[in-house]
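I am opening a notebook on a structure that is new to me, and I want to write down what I look up as I go.

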Amino acid sequence: MSSGAAASIRSRSGGDGSREGGTGGRPSGGDSPGGPSPSGSPPPSGTSARDERSSSRGVGRPADASHNSADQVPRIDKIITTIGVKRPSYGKAGRSLKVWTNHFQMKIPGTNIYHYDEIISPTGKTLPIRLNMEIFKRLQFDVAPDVFTPRAVYDGRKNVFAARELPFPSGSQEVSNFFTLTDTTSSGETAEDGERRRGGKIYKVRLKLVATINPEVLSRFLQGTQSHDNAVPTAITALNVVIRMEPVMHYPFNVRSFFTNRETADIGAGMVLWRGYFQSVRPAIGRMLINVDISTAVMYMPGPIIDVALGFLKKRGPHALSLRRGLPDRELIRLQRHLSGVRINIEIPGQSSAARRPARPIKKLTRAGADELSFTMRDGQTVTVAQYFEMTHNYKLRWPDIVCIELASGAIIPMECCTLPEGQIMRKQVPPDMMKDVLKFATKRPPQRLQSIREAPDVLNYGQSEYLKHFGMEVSSNAAVESSARVLDPPTLKYGQGSRQPTITPRDGAWNMVDKKFYRPATIKRWVVVVYEREQQFNMGTARAMVRNLLDALVAAGMVVNDNDPVIFYDRPQRIYDTAGKRCIEKHGGGAGPNLMVIVLPESSADYYQAIKHFGDIQRGVATQCLKSYKCKGANKQYFSNVVLKINVKLGGINVIPDARSVPALTDPKNPTIVMGADIMHPAPGAHGRPSFTALVGNLDHETAKYVADCRVQTSRQEMIDDLESMATAHIAMYKKYRTGVEKKFPADPKRLIFYRDGVSEGEFKTVLDYELPQLKRALANNNVEAKITLLVVSKGHHVRFFPQKREDADRSENCPAGTVVDNDITHPTEFDFYLQSHAGLLGTSRPTHYNVLYDENGFTTDDLQSLTFALCHVYARSTRSVSVPAPVYYADIVCSRAKNHYSPEGDFDLTESGTHLELSDAGRQLEAYRANFKPLHDQSKKLMYFT
């Protein structure tokens, strides 16, 4: 989903809805320091705190170098410093391809830009961006129009940029203006004491000149002669604020996207989708570009708040919102989270709303109805809220027993007197059952998406924007920027003995298991099938048919099954060990329990799933494979082949490896390599008091196909990984033990460590080098290993798209083919980065992955690093398709999403979207409680790919 969408959606879908698909692209069967540069220059000391995180990098190249042949070496001034590794060269491997990209060229200003800090007081708390923008608009147009001519631009937080030095009184560099925003109490609003407040808030605005930006800095930056210092990201931030000022003054916006109601879709549950545009200034090779894309936002449905609430809870009739009439406390909490912060208008039915005040945000919901909530008025009389509205406003409530709205002022407003104005972005987690509708709306096939992007300059009104004109900026209205691309050759994949086709070269990012056996098949010693679906829905005959089909798939893939007649029975999850394990042992006359449990689940089974995974992964160390009853009932061979992909690696097998001869940079026997992927998952938007989770995944084998994982609890929304040293130290020790004990290879030490870090913004690159890289070095030292480190940041959270210029160059989905790589024209001019679209698209427009090389002691060539990265996208065990990111990165994402399974399902640590928070006031104590109750993996699970 695009950045405009209000939810935090973690998925590996390829773009606006282009899924990697295939066998396992989604869970099948129901399991759901600046790097050393050529010049040796040290990294800069840091970046400005006010830089724009997503647009703060890059050093330009001469304009005539904007189209580079692959054999050119980048012309980079030796004296400049960079954060990441300086680009060693452009890649040469693969066949050439011409693509369109979603960028437009932009002319930068020719005169100075003046940067001011703006402070709006009272400063007791951070004001909403919407309110800040309204204050600044009043300041420019009503309070001091002479000072702000031509108009300045504002980012809604702290930064103001002007095209001329503002003429403050007496030549002072500071100015203070006092003005009052109309803030009268609306009809119907009552404070806790029953009195109306008088007057409005007074805001003091102070502007201070903090910098003068010479556009020559940007010119040198684009010519490759300016280092990445604080002036560069601030200048780019200024340009971004300029291009966004016009739309944010007129439309709902979300960071870098704005949305209109020209194209909408009602998806139910009190939500509506709006189409919008994303735009961001990006420095490129010899030129400045604007990255433009379509985006989607989830909006609250406008209208009566009662209708919105009932839609969200999927209930009928206002009385369903009454606690006295059975509204569960859990549902009330869910609704409160959903509505908190939403702005409402107060409108008494049948009465004029001409004097309505600005919409006010909801603080919370009451736990009683208007006929139970009472307060004492100024004359000493105690009345209920329902009585007050009847006495004061001559309005008798129709539903006095339903919950009410409480505002920040303490005012209590009956729901039937509240309406929700149009255009409010929902910044909470989108319910999982709504995601299908969101993705359907967001999806556009490449030709349609490109056409929308080409129409963007007209919609965005670049040519008519007074702000762009005042700053001397121009945006080309020509077609999207073109770029040179290459399509890399896929690696040859190797299967096991007995395969009629032991090696295969994927075509269009896909292959199949026909005539192939796993490279290293596992053995099922004892297994059991547990059915939690009702027997009427999934009878014994159906269960036996499922077992036969699964057995056929297991044997066809080369796995050894010692028990062809597993125990099958119906039970409840709470008794999984007491029944399943014991029955299996009884059948075999004693001995060990099963090493595989296949569980058939009903359609709605989230609680069951967590209980099963906690039992298998945490408590007993037994592999569990969950299947949805409706999927495996009468499923075809392909379905069970997909399931077997997961079972084999859960039991210690290896499905497929890259052939060593096709990827020598990855599988060089003289340079044994550890490949690690790391990720972090934060709580959903609007969820407070919950921790973040981190994951580290790395290979054990020299073929880089067998991985193990570690997961930890971390301070909420902290971006850097605290326990990286501990996790990496343990992993390196496991790698050495596996290498000597299983592979019988000596010496055991790895010589290279390739670290892919997911989930890091560009503004945090230096922090990764300062905080996480030293942890990796210490982890190596802790194991007496002297391996060389290469560190890359992996990013899918961007809006760059590629479109093949010729239809014959596209795949069946009209996307660029799998293996498309771009490392010039639109990339960073001096630092080593590239875009790789490693997967084939199925729906919508595929999103390439952006790789930034921050540190490289191994001295990889561009071709080597791109080819080994592409190869790692082919060893994802759950799929017979190449995926969008290297397998260890994909696995790390899955491990983070499964962190909730480390908590006992019988405990109080409910991490679902609707779960309640711990009743602990101290954030530190709360985190310690989460850490203390986070159960580690079972020792057996630590050695296996339990997360597939």
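The entries below cover salt bridges, a pair of helices, a serine in a loop and an enclosed helix.

**Entry 1: salt bridges**

I began by noting that this is a predicted model. I then searched the whole structure for salt bridges, and the search returned 27 of them. As background I wrote down that side chains of opposite charge can pair when their charged atoms come close.

I looked up D117, which forms a salt bridge with K158, with 3.7 Å between the closest N and O atoms. This pair links distant parts of the chain, since D117 belongs to strand β3 (residues 113-121) while K158 sits in the loop between β4 (153-154) and β5 (159-162), 41 residues apart. I also checked how accessible the partners are, and found that D117 counts as buried because its relative accessibility is 12%, whereas K158, at 39%, counts as partly exposed.

Next I turned to D659 and R661, whose side chains meet in a salt bridge with an N to O distance of 3.2 Å. Are these partners buried or exposed? D659 is at 8% relative accessibility and therefore counts as buried, while R661, at 73%, counts as exposed.

The third pair I looked up was R712 with D723, where the side chains form a salt bridge at 3.8 Å, N to O. R712 lies in strand β33 (residues 707-714) and D723 in the loop between β33 and α17 (724-741), so this salt bridge ties together parts that are 11 residues apart in sequence. R712 is partly exposed, with a relative accessible area of 22%, and D723 is partly exposed as well, with 27%. I also noted one network, in which D293, R449 and R801 are joined by salt bridges that share partners.

**Entry 2: α17 and α18**

Before looking at the helices I reminded myself that two packed helices are described by the angle between their axes and the distance between the axes. For α17 and helix α18 (residues 765-782), I found that the axes come within 8 Å and cross at roughly 35 degrees, and that the crossing is right-handed. Which residues meet there? From α17 I listed L724, E725, A728, T729 and I732, and from α18 their counterparts E772, Q775, L776, R778, A779, L780 and N782. Sorted by class, this contact has six nonpolar, three polar and three charged residues.

**Entry 3: S813**

I then looked up S813, which lies in the loop between β36 (802-804) and β37 (820-822). It counts as buried because its relative accessibility is 5%, the cut-off for buried being under 20%. Setting aside neighbours within four places in sequence, I found S813 in contact with R445, P446, G841 and L842. The side chain of S813 also makes a polar contact, at 2.7 Å, with the side chain of D811. From S813 to A840 I noted 8.0 Å in space, C-alpha to C-alpha, although the two are 27 residues apart in sequence.

**Entry 4: α20**

My last look was at helix α20 (residues 887-897), where 10 of the 11 residues are buried, so the helix is largely enclosed by the rest of the structure. The buried residues of α20 are A887, P888, V889, Y890, Y891, A892, D893, I894, V895 and C896. What covers them? The cover includes β31 (673-681), β32 (692-699), β33, β34 (752-758), β35 (788-795) and α19 (862-872).

Conventions: Residues numbered from 1 in each chain as written. Predicted model: local features only at pLDDT ≥ 70, side-chain atom pairs only at ≥ 80, totals over all residues. Heavy atoms only, no water. Salt bridge = Lys/Arg side-chain N within 4 Å of Asp/Glu carboxyl O. Helix = DSSP H or I, 4+ residues; strand = E, 2+ residues; numbered from the N terminus. Buried < 20%, exposed > 50% of the residue type's maximum accessible area, 1.4 Å probe, protein only. Axes fitted to C-alpha atoms, helices over the stretch in contact; angles between N-to-C directions. Left-handed = near helix turned anticlockwise from the far one by under 90°. Contact = heavy atoms within 4.5 Å. Nonpolar A, V, L, I, M, F, W, Y, C, P; charged D, E, K, R; others polar. Polar contact = N/O pair within 3.5 Å; in protein donor to acceptor, adjacent residues only side chain to side chain.
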